[in-house]
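Visitor: I should like a close look at a single part of this structure. Please describe one helix, the helices packed against it, and then the surroundings that help to place it.

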Amino acid sequence: MILILSEVTKSYPTPEGRVEILRGINLAVRAGESVALTGESGSGKSTLLHLIGGLDRPDAGEIVMNGKYVSALGDDGRASYRRTDVGLVFQQFNLIPSLNVAANISFHAKLAGRFDKGWEDEITDRLGLRPLLNRYPEQLSGGQQQRVAIGRTLAARPPLVLADEPTGNLDEATGDAVMELMLSLARSAAATLLFVTHSTRLASRLDRKVILHGGRIGE
Ligand SMILES: Nc1ncnc2c1ncn2[C@@H]1O[C@H](COP(=O)(O)OP(=O)(O)OP(=O)(O)O)[C@@H](O)[C@H]1O
């Protein structure tokens, strides 16, 4: 197992008091597996992805990724974990506006010390980004920006890719095409994939589907 969550809990303070969102999450994911994470709006999918991605810390419980106790890491440890162990693809693309597409794609790979020209060329071609390499993010459509964001994440060859509705704001045909590319590239990179989606159609393309409900995970 590359990723193991045991009894992970998370609550948020609200004006009405603390609200418990995750009430004891248990999940084990095998290396190379692709898992669809579904659940109704507000069930805590993004919260869970943030915890696994080292962007936030659980109240209690353990998250072990690639042998690292993520839930026990301090700020520096989590920053290094985010550079080398996980790749995030969110709906907001967070491309760097001052860098062109080529530089955006290599940015994380260089930070992670995993820049590989051959792999980057393959990603660029398979995502259809070669004609856009000299453009800046503001000169791209939403779908093109999303492909750059996916390319940037996969170029760094993270062992775990966390995707939060990455195709949610694309039309269905474009969303499907981008999803296919992401799946196929993740497989080429032997990456493990945890993919939040509302779409049962997209979820059925992955190895396994889990549902977040009432703060717990069911299959
Ligand atoms: N920083 C925060 N402070 C307080 N409450 C929060 C915070 N972040 C999220 N929440 C609450 O936690 C719950 C879970 O939110 P989360 O974004 O994880 O759900 P989700 O399943 O990803 O939803 P969606 O499918 O709508 O994106 C929601 O009720 C939300 O209002």
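Guide: The account below is centred on helix 5, then turns to the loops beside its partners and to the ligand site. The model is a predicted one.

Helix 5 comprises residues 142-155. Two packed helices are described by the angle between their axes and the distance between the axes. Those two quantities are given here for each partner in turn.

The partner to be taken up at the outset is helix 3, residues 101-111. The axes of helix 3 and helix 5 come within 6 Å and cross at roughly 35°. The crossing of helix 3 over helix 5 is right-handed. On the side of helix 3, the contact is formed by V101, N104, I105, S106, F107, H108 and A109, and on the side of helix 5 by V148, G151, R152, T153 and A155. Sorted by class, this contact contains six nonpolar, five polar and one charged residues.

Helix 4, residues 117-126, is another partner. Its axis and that of helix 5 come within 10 Å, and the two cross at roughly 155°. Helix 4 and helix 5 are therefore roughly antiparallel to each other, an angle over 145 degrees being counted in that way. Here too the crossing is right-handed, as helix 4 passes helix 5. Helix 4 contributes W119, E120, I123 and T124 to the contact, while helix 5 contributes G151, L154 and A155. These residues divide into four nonpolar, two polar and one charged. G151 and A155 of helix 5 take part in the contact with helix 4, and they also appear in the contact with helix 3.

The chain between helix 4 and helix 5 includes R135, which lies in the loop joining them. With 16 other C-beta atoms within 10 Å, R135 is partly exposed. Residues up to four places away in sequence being left out, R135 touches N100, V101 and L140. V101 is also one of the helix 3 residues in the contact with helix 5. By contrast, the C-alpha atoms of R135 and G67 are separated by 39 Å, the two residues being 68 apart along the chain.

Helix 6, residues 172-188, packs against helix 5 at an angle of about 10°, with the axes 11 Å apart. That angle makes helix 5 roughly parallel to helix 6. From helix 5, G143, Q146, R147, I150 and L154 meet T174, V178, M182, L185 and A186 of helix 6. The contact has six nonpolar, three polar and one charged residues. L154 of helix 5 serves in this contact and is listed in the contact with helix 4 as well.

Within helix 6 lies M179. M179 is buried, with 22 other C-beta atoms within 10 Å. Neighbours within four places in sequence being set aside, M179 is in contact with T167, L202 and R205. M179 and G74 are 105 residues apart in sequence and 33 Å apart in space, C-alpha to C-alpha.

The loop between strand 7 (160-164) and helix 6 holds E165. Phi of E165 is positive, near 45°, although the residue is not glycine. Most residues other than glycine have a negative phi. E165 counts as partly exposed, with 19 C-beta neighbours inside 10 Å. N66 likewise has a positive phi, of about 55°, without being a glycine. N66 is placed in the loop between strand 4 (60-65) and strand 5 (68-69). With 16 other C-beta atoms within 10 Å, N66 is partly exposed.

The ligand site completes this account. Around the ligand stand Y12, T14, I21, G39, S41, G42, S43, G44, K45, S46 and T47. Strand 1 (3-14) and helix 1 (45-52) are the elements that give two or more residues to this shell. The largest share, three residues, comes from helix 1. By class, the shell divides into two nonpolar, eight polar and one charged. Helix 1 is largely enclosed by the rest of the structure, because six of its eight residues are buried. The buried residues of helix 1 are K45, T47, L48, L49, L51 and I52. Of these, K45 and T47 also belong to the residues around the ligand. After helix 1 comes G54, with a positive phi near 75°.

Note on methods. Residues numbered from 1 in each chain as written. Predicted model: local features only at pLDDT ≥ 70, side-chain atom pairs only at ≥ 80, totals over all residues. Near = placed C-beta within 6 Å. Helix = DSSP H or I, 4+ residues; strand = E, 2+ residues; numbered from the N terminus. Nonpolar A, V, L, I, M, F, W, Y, C, P; charged D, E, K, R; others polar. Axes fitted to C-alpha atoms, helices over the stretch in contact; angles between N-to-C directions. Parallel < 35°, antiparallel > 145°, perpendicular 65-115°, else oblique. Left-handed = near helix turned anticlockwise from the far one by under 90°. Contact = placed C-beta atoms within 7 Å. Buried ≥ 20, exposed ≤ 12 C-beta atoms within 10 Å, placed from the backbone.
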